[in-house]
Amino acid sequence: MDTPPRTWPLNGAPAIYATSHPSADERILSCVCWGASNSLFKILRFTHTTGATGYVPALWDERVVPLCDVDTPIASFLWDGSMPAYLAPRLTDVHDLVRTIVERLRMDAHEVVIAMVLLETLLVQRGFVLQLYSARPLLLATCILASKLTRDADMPTLSCVRAMENHFTALTPQLGARIERQLLEYLEWHIPNDPAEYRRHTLALLREGTPPHMLPPSIVDVPWIVS
């Protein structure tokens with residue numbers, strides 16, 4: 001099966017960065033989110049401009065099962081796959097999507113890394129499943145699953161859906177649970193557990209999400225990296 005280009009490492013971190021003096025945790029989260037946004041943006045641009053396609057189940061296809069009502073007034077949430085290449089989402093649109101999900105689910109940097117590991121595993125196994133019209137359900141599902149995997153307290157899907165209801169206005173608890181289950185089935189219920197893999201992805205995301213004129217955050221401040 002053909003597979004899309006690897007999600008990361010990629011070149012060219014954005015020049016946008018906080019002008020304040022964030023804590024180490026905040027800076028790591030910011031860099032990881034920008035790294036994830038860059039990676040998603042480049043894959044979405046590639047699949048959209050080249051026409052590369054793969055089988056996308058209906059639950060992840062927003063042309064069939066939309067997550068938003070048609071009048072949702074958020075530009076970066078209007079990806080239905082019908083737009084011409086020059087109107088495809090900008091990097092800032094992708095970052096808006098990433099940060100919205102991360103903030104609403106109260107994710108930390110480690111959880112974002114896990115979500116991106118899950119997404120890359122899916123892409124390697126299933127090919128061009130990430131399209132403009134499947135990006136939001138896939139990202140939401142990987143983020144929900146990543147959040148559940150890392151938290152001691154139980155985090156039901158219902159809580160995740162309620163956290164997103166003002167943004168994904170057509171999302172219901174039943175749909176959220178079905179999207180998440182579809183992800184697990186496509187992963188064959190296997191979650192990567194190699195610490196070296198998470199280290200590699202963390203370093204790549206930090207490098208990709210750090211502006212060119214700055215050094216990436218010190219790995220000393222990244223507690224889940226195994227030396």
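This note walks through the cysteines, a charged surface patch and some salt bridges in a predicted model.

1. Let us begin with the cysteines. How many disulfides does the structure hold? The count is zero. A disulfide is a covalent bond between the sulfur atoms of two cysteines, and to be counted here the two sulfurs must lie within 2.5 Å.

2. Cys31 is a good place to look. Its nearest cysteine sulfur belongs to Cys33, at a distance of 9.6 Å, so Cys31 is in no disulfide, given the 2.5 Å cut-off. Cys31 is also buried, with a relative accessibility of 0%.

3. Cys33 tells a similar story. For this residue the nearest cysteine sulfur is that of Cys143, 8.6 Å away, and Cys33 takes part in no disulfide. Its relative accessible area is 0%, so Cys33 is buried.

4. Now to the surface. Which residues form a negative patch there? They are Asp25, Glu26, Asp108 and Asp221. If you would like to find one of them in the structure, try Asp25: this residue sits in helix α1, which spans residues 24–50. Asp25 counts as exposed because its relative accessibility is 57%, and the cut-off for that word is over 50%.

5. Salt bridges come next. Side chains of opposite charge can pair when their charged atoms come close. In this structure there are seven salt bridges, and the next points visit some of them.

6. Arg63 pairs with Asp61, and their closest N and O atoms are 2.9 Å apart. Is Asp61 buried or exposed? Asp61 is buried, its relative accessible area being 7%.

7. Another salt bridge joins Arg99 and Glu103, with 3.4 Å between the closest N and O atoms. Both residues belong to helix α2 (residues 91–104). Because they are four residues apart in that helix, about one helical turn separates them.

8. Lys148 and Glu180 also meet through their side chains, in a salt bridge of 3.0 Å from N to O. Where do the two partners lie? Lys148 is in helix α4 (residues 135–150), while Glu180 is in helix α6 (residues 173–186). The pair therefore ties together parts that are 32 residues apart in sequence.

9. It is worth checking how accessible these two partners are. Lys148 is partly exposed, at 27% relative accessibility, whereas Glu180, at 7%, counts as buried.

Terms used
Residues are numbered from 1 along each chain as its sequence is written. This is a predicted model: local features need pLDDT of at least 70, side-chain atom pairs count only at pLDDT 80 or more; totals for chains, interfaces and linings use all residues. Side-chain values use heavy atoms; hydrogens and water are left out. Buried means under 20% relative accessible area, exposed over 50%, partly exposed in between (1.4 Å probe, protein chains only). Patches are made of residues with over 30% relative accessible area and no salt bridge: like charges are joined within 9 Å, nonpolar side chains (Val, Leu, Ile, Met, Phe, Trp, Tyr) within 5 Å. Accessible areas come from the Shrake-Rupley method with a 1.4 Å probe; for residues, only the protein chains shown count as cover. A salt bridge is a side-chain nitrogen of Lys or Arg within 4 Å of a carboxyl oxygen of Asp or Glu. Lys and Arg count as positive and Asp and Glu as negative; His and the chain ends are not counted. The place of a charge is taken as NZ of Lys, CZ of Arg, CG of Asp or CD of Glu. Helices (H or I, at least four residues) and strands (E, at least two) are DSSP runs, numbered from the N terminus.
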